[in-house]
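Open the model in your viewer and keep the sequence panel visible. The stops below go from selection to selection.

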Amino acid sequence: HFFGILFFSSPLSFRFVSGKMASSASSSSSSSSAPEAPAPTEECGGEDSAHGYTWTQNDDEVIVRVPIPENTPAKQVQVEITPSSLTVGLKGQPPLVKGKLFRPVKEDDSMWSVENKNSVVIYLQKQNLSSEEWWECVIEGHSRIDLKKLKPPPKHIKDMDEGAQAVIQKMMFDQHQKRMGLPTSEELMHQDALRRLKEQFPDCGVDINSVKFANSGPF
């Protein structure tokens, strides 16, 4: 599995969700302002000079940056995001980017922003999060990256889902216990089960120390 995390900085001047303005004050709180998009990296995305945009990705979303003329007002920008397609352009002009997406996205969770009045930043929320999907390109038929060379930055445990956090924390606990010569989490669980069994049946005549559980030895 690949794990990656991308860090963001200052808020944008405009933020749009599902094509509507959500916040226009760059001084508003971080909970209502979109963060500045990270610069693309060769490992996670790249520059598609033939189609005029750059892009990057993490395990949750694909981030596309499309340059527009300096001082272009946000109301002149048109972006259409569907589960399978993306169109970016300016009113009254041919689209700057248009085509079928490499993989499906969550339309309602995707958004776009105008940054510094000279670029449009599109945040495409990946639909297949459970499979930890990595994209070769943004639009089908456009420049592709080599997934064999994909090297996302390390992902901190706090940014993983609860299931992954629980697994890693258990592994770390078990490794610590083994180094200290102490029972692992599974062994502690078995010992507790035996203790409760002995308390419940003190006169059963069975030596609980000889009881074996699946994939474990006697305690």
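A polar contact here is a pair of N or O atoms within 3.5 Å, where one must be able to donate a hydrogen and the other to accept it. This applies to a predicted model, and the tour comes back to such contacts at Gln-57.

**Whole chain**

Colour by secondary structure first. The protein has two helices and ten strands. Read from the N terminus, the order of elements is β-β-β-β-β-β-β-β-β-β-α-α. Of the 219 residues in the protein, 36% are buried. Among the contacts with a separation of 6 or more, 55% are between residues 24 or more positions apart.

**Strands 6, 7 and 8**

Select residues 77-81, which are strand 6, then residues 85-90, which are strand 7, and then residues 97-100, which are strand 8. These three strands make an open sheet in the order 6-7-8, and the pairing is antiparallel. Which strands stand at the edges? Strand 6 and strand 8 do; each has a single partner strand, so one side of each has no neighbour in the sheet. From one strand to the next, the twist averages 10°.

Now look at each pairing in turn. Strand 6 and strand 7 run antiparallel and are joined by five bridges. The two form a hairpin, with three residues between them. To find the register, show Ile-81, which stands opposite Leu-86 in strand 7.

Strand 7 and strand 8 are also antiparallel, here over four bridges. Leu-86 serves again as a marker, as it stands opposite Gly-99 in strand 8. This hairpin has six residues between its strands, and Gly-92 in the turn has a positive phi of about 80°.

**Pro-83**

Go back to the loop between strand 6 and strand 7 and select Pro-83. Is Pro-83 buried, exposed or partly exposed? Its relative accessibility is 37%, so Pro-83 counts as partly exposed. Leaving aside residues up to four places away in sequence, Pro-83 touches Leu-101, Arg-103, Pro-104, Val-105 and Glu-107. For a distance check, pick the C-alpha atoms of Pro-83 and Leu-124: they are 9.4 Å apart, with the two positions 41 residues apart along the chain.

**Phe-102 and Trp-135**

Next, select one of the residues after strand 8: Phe-102, in the loop between strand 8 and strand 9 (111-115). Add Trp-135, which lies in the loop between strand 10 (119-125) and helix 1 (162-179). How many aromatic pairs are counted? The count is one. The ring centres of Phe-102 and Trp-135 are 6.3 Å apart and the planes stand at 55°, so the pair is tilted. The cut-offs behind that label are under 30 degrees for stacked and over 60 for edge-to-face, with the rest tilted. The pair links distant parts of the chain, 33 residues apart.

Both rings belong to buried residues by the area criterion: Phe-102 has 8% relative accessibility, and Trp-135 has 0%. Buried means under 20% relative accessible area. Show Arg-103 as well, because its charged end sits over the ring of Phe-102, 4.2 Å from the ring centre.

**Gln-57 and Lys-126**

Move to strand 4 (residues 53-57) and select Gln-57. Gln-57 has a relative accessible area of 1% and is therefore buried. What does the side chain of Gln-57 contact? It makes a polar contact with the side chain of Lys-126, at 2.9 Å. A polar atom of the Gln-57 side chain also lies 2.9 Å from the backbone nitrogen of Trp-135, a residue already on screen from the tilted pair.

Keep Lys-126 displayed and add Trp-134. The charged end of Lys-126 sits over the ring of Trp-134, 4.5 Å from its centre.

**Cys-44**

The last stop is Cys-44, in the loop between strand 2 (20-23) and strand 3 (46-48). With a relative accessibility of 1%, Cys-44 counts as buried. Pick the C-alpha atoms of Cys-44 and Thr-56: the two residues are twelve apart in sequence and 5.3 Å apart in space.

Note on methods. Residues are numbered from 1 along each chain as its sequence is written. This is a predicted model: local features need pLDDT of at least 70, side-chain atom pairs count only at pLDDT 80 or more; totals for chains, interfaces and linings use all residues. Side-chain values use heavy atoms; hydrogens and water are left out. Rings of Phe, Tyr and Trp (its six-membered ring) pair if their centres lie within 6.5 Å; planes under 30 degrees apart count as stacked, over 60 as edge-to-face and the rest as tilted. Buried means under 20% relative accessible area, exposed over 50%, partly exposed in between (1.4 Å probe, protein chains only). A charge sits over a ring if NZ of Lys or CZ of Arg is within 6 Å of the ring centre and within 35 degrees of the ring normal. Two strands pair if DSSP finds at least two bridges between them. Axes are lines fitted to C-alpha atoms, for helices over the stretch in contact, and angles run from 0 to 180 degrees between N-to-C directions. Contact means heavy atoms within 4.5 Å.
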